[in-house]
Amino acid sequence: MTTPNPIAMTDLSGRVAIVTGGSRGQGEAEARLLARAGAAVLIADVLDAEGAALAEALVADGYDARFAHLDVASPESWTAAIDLAQAWKGRLDVLVNNAGIINRTSTNDTTLDGWNRLLAINLTGTFLGIQAAAPLMRATGGGSIVNIASNSAFSGHYDPAYTASKWGVRGLTRTAAMEYVTWGIRVNSVCPGLIVTGLNANAPHLQPMIGLTPMARSGSPDEVAQLVLFLASDASSFITGEDFTIDGGFTAGAAYRRVAVESGLLPPGNSG
Ligand code: NAP
C-alpha cells in the first residue's frame, strides 16, 4: 500500500465539485481554486452571463469547468443541477453551499418578504443543497460539503434575517454531519468575517469593521477559498461537523482587545 503524500492531499484530480453562487465574489475564488486543484467544477448561480464567462475562462486556461443556472431556493433547480453533474461526470465529491444575500435592515425595518427571501436563499438553499447532493455523493463513494456561514453566526448582528440564517447554517452543518457520517460525507462550515466583495463593496460598515479587526484589514476571497479547499479535500479527512472562523481574529476577542487597548493594558498596534 502506498502512503499518500501529505503535501498532495489537497489534490482534487478526478473529483467533481459544485460551487453555488460561484459566478462572482468568494464563490468565484472558490471555483477557481478547486479547478486549479484538479476538480471538475460546476459553477452554479443565478448570475448566468458572469458564471458562463468564468467557466469559459477556466476551460481556456486548461481547467475543467462548466456553468449551470441554479436558484438555490428552488428544489426543482437543485434536481436539475445534480442531474447535470451526474450526466456530465457521473459523480459528485464536493458541494460548496456558498450562495447568499444580505438585507442589512434592522429588526423593525425588515419586511416579512425580505425575511422570507433571505431565509429561502441562505438557509433553505443550504438545506436543499445538502439534501439534493448527498445521494449522488453516497453513490460515488462519499464526499465533503462545505457550508459558507459567517462570523455573525457567533453573536448578534445588525441584520436579523442574515444572523438567523447563518446561525441556522451552523446548526444544519452539525446535524448533517452526524447524519451523513455513515454515507462517507463530511460536513463543515466556514465562517468568514469581512471579505470585500460585491455583497458589501459600498456598505457603510467596512471601515468600522476593519478598525475593530485585530489584524486591521479585511480578508480576501482567495484566503477564504484556501480554507474551503482544505475542507473539501482529504487534507481534512478527520474533520466533520465543525465551524471555522476566518476573520483576522474578530471572533477570538476583538471587543476585549479594544477594551484592553483603550484601558492602556495593550499597546494600540495597527487597530488601536
Ligand atoms: P456575492 O459577491 O454577492 O456573491 C454571491 C453570489 O451568490 C452572487 O453571484 C449572487 O448572485 C449569488 N446568488 C444570490 N442568490 C442566489 C440564488 N438564489 N441561487 C444561486 N445563487 C445566488 O457575495 P460573497 O461576499 O461572495 O458571499 C458569499 C457567501 O459568503 C455568502 O453566503 C455570504 O453570506 C457569505 N459571507 C460573506 C461575507 C463577506 O464579508 N463578503 C462575510 C461572511 C459570510 P446575485 O449577485 O444575483 O445576488
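Helices and strands here are DSSP runs, numbered from the N terminus. With that settled, I went to T110, which lies in the loop between β4 and α4. I keep in mind that this is a predicted model.

**Entry 1: T110 and its loop**

Is T110 buried or exposed? I looked it up: T110 has a relative accessible area of 18%, and the cut-off for buried is under 20%, so T110 is buried. Next I checked what its side chain touches. The side chain of T110 makes a polar contact with the side chain of T105, at 2.7 Å.

I then moved to R104, which is found in the loop between β4 (94-97) and α4 (112-139). Its phi caught my eye: the angle is near 55°, a positive value in a residue other than glycine. R104 has 29% relative accessibility, so I noted it down as partly exposed.

**Entry 2: another positive phi**

I found a positive phi at A216 too, about 60°, although A216 is not a glycine. Where does A216 sit? I traced A216 to the loop between α6 (206-212) and α7 (221-232). Its relative accessibility is 26%, so A216 counts as partly exposed.

**Entry 3: the ligand**

Now for the ligand, which I found sitting in the largest pocket. How many residues surround the ligand? I read off 28, and the closest are R24, D45, N98, Y162 and T197. I also sorted the shell by residue type: 14 of its residues are nonpolar, ten are polar and four are charged. Two helices to look at here are α1 (25-36) and α5 (160-180), as each supplies at least two residues of the shell.

I went on to single atoms. At Q26, a backbone N or O atom lies 2.8 Å from an oxygen atom of the ligand. At D71, a polar side-chain atom lies 2.9 Å from a nitrogen atom of the ligand. At K166, a polar side-chain atom lies 3.0 Å from an oxygen atom of the ligand. I then checked how much of the ligand is covered: on its own the ligand has 880 Å² of accessible area, and the protein covers 91% of that.

**Entry 4: pairs apart along the chain**

To finish, I looked up some C-alpha distances.

My first pair begins with R32, which has its place in helix α1. With 35% relative accessibility, R32 counts as partly exposed. R32 and A57 are 25 residues apart along the chain, and I read 9.8 Å between their C-alpha atoms.

My next pair begins with I210, in helix α6. Is I210 buried or exposed? I210 is buried, because its relative accessible area is 17%. I210 and F250 are 40 residues apart along the chain, with their C-alpha atoms separated by 9.4 Å.

My last pair begins with P267, found in the segment after α8 (250-262). P267 has 59% relative accessibility, and exposed means over 50%, so I put P267 down as exposed. What separates the C-alpha atoms of P267 and D222? I got 30 Å for these two residues, which are 45 residues apart along the chain.

Conventions. Residues numbered from 1 in each chain as written. Predicted model: local features only at pLDDT ≥ 70, side-chain atom pairs only at ≥ 80, totals over all residues. Heavy atoms only, no water. Near = heavy atom within 4 Å. Polar contact = N/O pair within 3.5 Å; in protein donor to acceptor, adjacent residues only side chain to side chain. Areas by Shrake-Rupley, 256 points an atom, 1.4 Å probe, with all protein chains shown as cover. 1 Å grid on protein atoms, 1.4 Å probe; cavity = no way out; pocket = protein on both sides within 12 Å on 5 of 7 lines; lining within 4 Å. Sits in = over half its atoms within 2 Å of the grid points. Helix = DSSP H or I, 4+ residues; strand = E, 2+ residues; numbered from the N terminus. Nonpolar A, V, L, I, M, F, W, Y, C, P; charged D, E, K, R; others polar. Buried < 20%, exposed > 50% of the residue type's maximum accessible area, 1.4 Å probe, protein only.
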